2 protein chains.
Amino acid sequence: MVTPRTLRTRARILDAALDLFENQGYDGTTVNQIAEAAGVTPMTFFRHFPTKDAVLVTDPYDPLIAEAVGAQPVGLPPLERTRLGLLAALGEITPTEDSTARRRVALVATSPSLRAAMSAGTEATRDAIVERLTADGVDRLDAAISASACLAATTAALLAWGSAPSDVTLADLVRRALAQLAPAGATA
Amino acid sequence: MVTPRTLRTRARILDAALDLFENQGYDGTTVNQIAEAAGVTPMTFFRHFPTKDAVLVTDPYDPLIAEAVGAQPVGLPPLERTRLGLLAALGEITPTEDSTARRRVALVATSPSLRAAMSAGTEATRDAIVERLTADGVDRLDAAISASACLAATTAALLAWGSAPSDVTLADLVRRALAQLAPAGATA
DNA sequence: CGCCGAATTGTTAGTGGCTAACATTAGGGG
DNA sequence: CCCCTAATGTTAGCCACTAACAATTCGGCG
């Protein structure tokens, strides 16, 4: 049941949080401050966001990515399958970019605790990929290695994007990152 | 000044912590419980370990690794330099393995919060590598991508080692992990 | 062997993230 | 426009972690 009221409150909290984070830093901002700025109780904050970092860190793309990886030719080595899968998924994700995406990424890059939260989120994506690969008979460790390496490269690109000139697109950086993992430095 | 007393207390806390973590899980154990089991005040715990997770997560190898990466031929692409550097460093690190290493790794693998702490530690290693590579003129983003990917693969191997049969060595797994990042699936 | 002083530990009080249980309010569908 | 339910508030509390100051212990020195 998604009532309009819920959406309004959530948006108020989110706005207040982004403002405060940008003005006084993530670690320098308390949940109480966010709640007060949003005209709300701290308790209400946690009803809308399970943790403080959830305001900035979300990734709902796991199934999409796992599917894209699975769609690559089964004969390829797992690293290559994962790499091509991520590149394919990129096309479907980037358009969805909402306007605050860059602000959020830039903020995540500033705080170790936030990057830790993001890396926790990435684990879920990695696990989704690993499940998909092992389903095709790939060894579990090999799958974990491939997925971890590709996602780490992608994450590096993502963080760089946060502070890149505004004409640089995320897709460009991710392509560049994954190109480095291509076999024998292929230009693909 | 490393007095014997300090070492004893530290060892008592460490033993108590490992026992409790293994018996009731990391997240199911409070610092107070550890302190009590070690016959010490919670405050004293934090004087010996800056955080709860510091009992399990440490990596003093950053300079060694960065140096090993720098020692690889400058002409190679950054990914390959990093990869070979890590393999070289592996030889000097593994012997140091103390007996609790495997227990610790196995514990880290069990808790998301611990893996997050480890990933924060890995960032320091990554930064050390990036500094070393950029010093040789490598583009910063390229360096970050290479270091992130190689370290992620290594971490995957490390975590797998925690629950691997006892005749499997860490070095074996890491070599296998980094082999996947080798150009054109070379056997080296 | 005992004493002195520095290093280690304890005490107290507090902050911030986060949760549980229960009471209260408010908004929108009928 | 009223009522019912979803949303919010209230209170109390746990846990990781920190600061400032007081109390100890212990090891090296005479």
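**Protein around DNA strand C**

In this predicted model, 21 residues surround DNA strand C, and the closest are K52(A), T6(B), T9(B), T44(B) and R47(B). Local features need pLDDT of at least 70 and side-chain atom pairs 80 or more, while totals for chains, interfaces and linings use all residues. Side-chain values use heavy atoms, without hydrogens and water.

Reader: What makes a residue count as near DNA strand C?

Author: One of its heavy atoms must lie within 4 Å of the strand. Of the strand C atoms within 4 Å of the protein, 67% belong to sugar or phosphate and the rest to bases.

Reader: How do you know that K52(A) makes a polar contact with a phosphate oxygen of DNA strand C?

Author: A polar contact here is a pair of N or O atoms within 3.5 Å. A backbone N or O atom of K52(A) lies 2.7 Å from a phosphate oxygen of strand C. That meets the cut-off, so the pair counts.

Reader: What about T9(B) and a phosphate oxygen?

Author: A polar side-chain atom of T9(B) lies 2.5 Å from a phosphate oxygen of DNA strand C.

Reader: Which helix supplies the largest share of the surface near DNA strand C?

Author: α3(B), with 4 residues. Helices are DSSP runs (H or I, at least four residues), numbered from the N terminus.

Reader: Why is H48(B) called buried?

Author: Buried means under 20% relative accessible area (1.4 Å probe, protein chains only). H48(B) has 18% relative accessibility, so H48(B) counts as buried.

Reader: Which residues does H48(B) touch, beyond those up to four places away in sequence?

Author: T6(B), T9(B), R10(B) and I13(B). Contact means heavy atoms within 4.5 Å.

Technical notes:
Residues numbered from 1 in each chain as written. Chains lettered and ligands numbered in written order. Polar contact = N/O pair within 3.5 Å; in protein donor to acceptor, adjacent residues only side chain to side chain. Helix = DSSP H or I, 4+ residues; strand = E, 2+ residues; numbered from the N terminus. Buried < 20%, exposed > 50% of the residue type's maximum accessible area, 1.4 Å probe, protein only.
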